[in-house]
Amino acid sequence: MTVLHEPQTSSPTGPTATEPATTGDAAAGPPPPWRRGPRTDPAPLLPETEPYHVLGTPRERPDADPGLWRALHRQLVLGRRYNQQATALTRQGRLAVYPSSTGQEACQIAAALVLAEQDWLFPSYRDTLATVARGLDPVAALGLLRGDWHTGYRPHAHRIAPLATPLATQLPHAVGLAHAARLKGDDVVALALVGDGGTSEGDFHEALNFAAVWQAPVVFLVQNNGFAISVPLARQTAAPTIAHKAVGYGMPGRLVDGNDAPAVYEVLAEAVGRARAGGGPTLVEALTYRLEAHTNADDATRYREDAEVAAWREHDPLPLLTDALRRHGLLSEEHEQAARDAAEEMAAGMRERLNAEPVLNPDELFAHVYARPTTQLTEQAARLRQETRTR
């Protein structure tokens, strides 16, 4: 008869039930794995059970920093007009594609304003507003989407990484830069933006794992608008929230109302400050909504109901902040008109410059691919010059 199981009379990792336990320094070795507690107490890493809010709560105190609240409002006005104008230019054929962020502006504006000059922003393809709010020329931000340049601006000059069309590839780059800065002793924090769809990519896992192990000074902001193009979040993850995933990597997770601009700014400011002080990375999930289609090529009516969109329009970040400032007497008609005038001036400049035919040099395709051009790249450039001369 085969014996399937016999009780052990001794254990290489600790005493059995019948053996007396040793005490003090005589204890042999560490406890067995199943008796060890977690390396890190998960409780402090857990996100809020409900999204963090400022507007409409006792924390709504714009008088504590009226300049910041007015700056958030002004940038939201500019951002809304930027989305409208870029969308119109796309319909006129002046842009190849434009992924509008209407409804999500609070996330991008807060992300741009919370960074210091020496910090780096790592945007995704939908984050043109964040780049412009950080000081990038509005038309330069659209160079990639127009198809004129690989990027349209010099990343090092603005400390803004190229807009990333491949999902989540900017996240490991942000971690690498932040880790390198820490090793060099530079006072630099990287803030990386990504959508909920990007969290389904392997790059997301790799970036968060490396960031936590290295304690890199980086903040990950997930703009959860509910859909990865047409795929709802429930088809991507069964986690309670995306912010809960932070615990598995050993970093804090935060959950915030992504349409509450002061709340997003406050949560990001805390995360950036923690990273700058050597506390490591933070994963922030901002619950928001894309009011427009995924891009001009998308038909959003195929995967979401009009009633859902209408409900989110009632939670539009711009009127939410406008109403709060008015309640506290901190937004005069002069302030509002100045913001609207600045937005129209920006839109007029976009129309004028993007309606002009670009003067392009094909050689520029090869100019900024490598610091030292490869043999293959040099051959390709020579072939293109030959072909353009013979046409």
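A salt bridge is taken here as a side-chain nitrogen of Lys or Arg within 4 Å of a carboxyl oxygen of Asp or Glu. The model examined is a predicted one, and by this rule it holds 15 salt bridges. Three of these pairs are described below, followed by two pockets.

A good place to start is the pair formed by Arg80 and Glu105, whose closest N and O atoms are 2.5 Å apart. Arg80 belongs to helix α1 (residues 66-91) and Glu105 to helix α2 (residues 105-113), so this salt bridge ties together parts that are 25 residues apart in sequence. Arg80 and Glu105 are both buried.

A second pair brings together Asp119 and Arg276, with 2.6 Å between the closest N and O atoms. Because Asp119 sits in the loop between α2 and β1 (120-122) while Arg276 is part of helix α9 (residues 261-276), the pair ties together parts that are 157 residues apart in sequence. Asp119 has a relative accessibility of 0% and therefore counts as buried, whereas Arg276, at 31%, counts as partly exposed.

The third pair lies within a single helix. Glu336 and Arg340 are both found in helix α12 (residues 333-355), 4 residues apart, which is about one turn of the helix. Their closest N and O atoms are 3.9 Å apart, and the cut-off for a salt bridge is 4 Å. With a relative accessible area of 9%, Glu336 is buried, while Arg340 is partly exposed at 33% relative accessibility. The pair also has further company: through salt bridges that share partners, Arg326, Glu333, Glu336 and Arg340 are joined into one network.

Turning to the pockets, the largest has a volume of about 380 Å³. Its lining is made up of 14 residues, and Thr151, Tyr153, Arg154, Pro155 and His368 lie nearest its centre. By class, the lining of this largest pocket comprises 8 nonpolar, 5 polar and 1 charged residues. Domain 1 (44-359) and domain 2 (362-390) each contribute at least three residues to the lining of the largest pocket.

The second largest pocket has a volume of about 270 Å³. It is lined by 22 residues, of which Tyr125, Leu167, Gly195, Gly197 and His294 are the closest to its centre. Two or more lining residues come from each of the elements β2 (190-195) and β4 (227-228). The lining of the second largest pocket divides into 9 nonpolar, 9 polar and 4 charged residues.

Conventions: Residues numbered from 1 in each chain as written. Predicted model: local features only at pLDDT ≥ 70, side-chain atom pairs only at ≥ 80, totals over all residues. Heavy atoms only, no water. Buried < 20%, exposed > 50% of the residue type's maximum accessible area, 1.4 Å probe, protein only. 1 Å grid on protein atoms, 1.4 Å probe; cavity = no way out; pocket = protein on both sides within 12 Å on 5 of 7 lines; lining within 4 Å. Points joined across faces, edges and corners; volume = space filled by probe spheres on them. Nonpolar A, V, L, I, M, F, W, Y, C, P; charged D, E, K, R; others polar. Domains from an automatic or database assignment.
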